[in-house]
Amino acid sequence: LVGAIKGIGEACRALDFPIVSGNVSLYNETNGIGILPTPTMAGVGLLEDWEKSSNIAFKAEGEVILLIGASKNWGSHLGQSIYLRDILGRIEGTPPPVDLNHEKKIGDFIRASIKDGLTTSVHDCSDGGLGVAIAEMAMAGNIGAKINEPNTTAPEIEKEKTAGVSGTGAIATSINSTATFFGEDQGRYIITIKQSNYGKFSTLAKEQNISCARIGITGDKYLKLGDARSISVEDLKNAHQAWFPDYMKEEL
């Protein structure tokens, strides 16, 4: 816990990020089972012009989807990820490394792009990785998307639980897009832009040495990640929004 708080302080200084409030939960329990010590923070920011802001919702069909700040293979870090924990029941590996200089550089670039009116939607990649972030954007805008199939070597997640875990969070290697779509590599953003702005945006990114991968396009009422089967945005929204009311009905 002390190390986590020191890390938070280091990040706040590097990113010039003001913390206005916070709390640390040390003793909370549910059904007699304690939670991990959890620092929680509240931050504040200032928008000079709220009309020059951006949210996560896809705005229109036929817009370009870009992944900003990622490595050439888009990312693949499954260690300590939501996918590894919730789908495979495994809590192992190291968390994804954080490069604070990279975080600030990419964050500054994204904010400038929003201010210049180049982006139509913006979302960070965090819990659940690239696939979850894109699904959230699709649900928010009620517009589907087709994401390219990544051609990359990614960690194999079907090995036995006794398989070794490297310091980078990889669990072995094979061609597997699962890790690309659900790995939680840091410092990445998904944005959409109009087709007419793609040339200008890609030039700006190249001039600032910012990685900018064209990963797909918005459209239709279905979300399709690579070669996986498509799923309707309506089904995604039902699964996302209906589970809690259904759960409460069962409890009552």
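How many aromatic pairs does the structure hold? There are four of them, in a model that is predicted. The legends below cover these rings, the nonpolar cores, helix α1 and two residues with positive phi.

**View 1. The stacked aromatic pair of Y83 and F182.** The two rings lie 5.3 Å apart, centre to centre, with 20° between their planes. Y83 belongs to helix α2 (residues 82–87) and F182 to helix α5 (residues 177–182), so the pair ties together parts that are 99 residues apart in sequence. Y83 has a relative accessibility of 16% and counts as buried. F182 has a relative accessibility of 24%, which makes it partly exposed.

**View 2. The edge-to-face aromatic pair of W243 and F244.** Here the ring centres are 5.4 Å apart and the planes are at 75°. W243 counts as exposed, with 53% relative accessibility, and F244 as partly exposed, with 43%. Together with Y247, W243 and F244 form one aromatic cluster.

**View 3. An arginine over a tyrosine ring: R214 and Y198.** R214 lies over the face of Y198, and its distance from the ring centre is 4.6 Å.

**View 4. The largest nonpolar core, with 23 residues.** Within this core, the residues with the most contacts are F58, L67, L130, I134, I147, I190 and I215. Two or more residues each come from strands β5 (64–68), β7 (145–147) and β12 (222–225), and from helices α4 (129–141) and α7 (233–251). Helix α4 provides the largest share, seven residues. In soluble globular proteins, nonpolar side chains tend to be buried together.

**View 5. The surroundings of I190.** Leaving aside neighbours within four places in sequence, I190 is in contact with I65, L66 and L67. Its other contacts on that basis are S121, V122, H123, C125, L130, A133, I134 and M137. A second core, separate from the largest one, has 15 residues, among them I68, V122, I191 and A205.

**View 6. Helix α1 (residues 2–15) and its two sides.** At 1.5 Å a residue, the 14 residues of α1 should span 20 Å, and the end C-alpha atoms are 20 Å apart, which agrees. G9, A11 and C12 are buried in this helix. Seen down the axis of α1, the buried residues fall within an arc of 165°, so they line one face of the helix. On the other side of α1, the exposed residues include G3, K6 and R13. The packing partners of the buried residues of α1 are β1 (19–25) and α3 (100–115).

**View 7. D16, the residue that follows α1.** D16 is not a glycine, yet its phi is positive, at about 55°. This residue is placed in the loop between α1 and β1. D16 has 67% relative accessibility and therefore counts as exposed. Most residues other than glycine have a negative phi.

**View 8. W74, a tryptophan with positive phi.** The phi of W74 is about 75°. W74 lies in the loop between β5 and α2. Is W74 buried or exposed? With a relative accessible area of 10%, W74 is buried. Both loop residues have positive phi without being glycine, but D16 is exposed and W74 is buried.

Terms used:
Residues numbered from 1 in each chain as written. Predicted model: local features only at pLDDT ≥ 70, side-chain atom pairs only at ≥ 80, totals over all residues. Heavy atoms only, no water. Phe/Tyr/Trp six-rings, centres within 6.5 Å; stacked < 30°, edge-to-face > 60°. Helix = DSSP H or I, 4+ residues; strand = E, 2+ residues; numbered from the N terminus. Buried < 20%, exposed > 50% of the residue type's maximum accessible area, 1.4 Å probe, protein only. Lys NZ or Arg CZ within 6 Å of the ring centre and 35° of its normal. Core = buried A, V, L, I, M, F, W, Y, C linked by side-chain atoms within 4.5 Å. Contact = heavy atoms within 4.5 Å. Expected span 1.5 Å × (residues − 1). Arc of directions from axis to C-beta.
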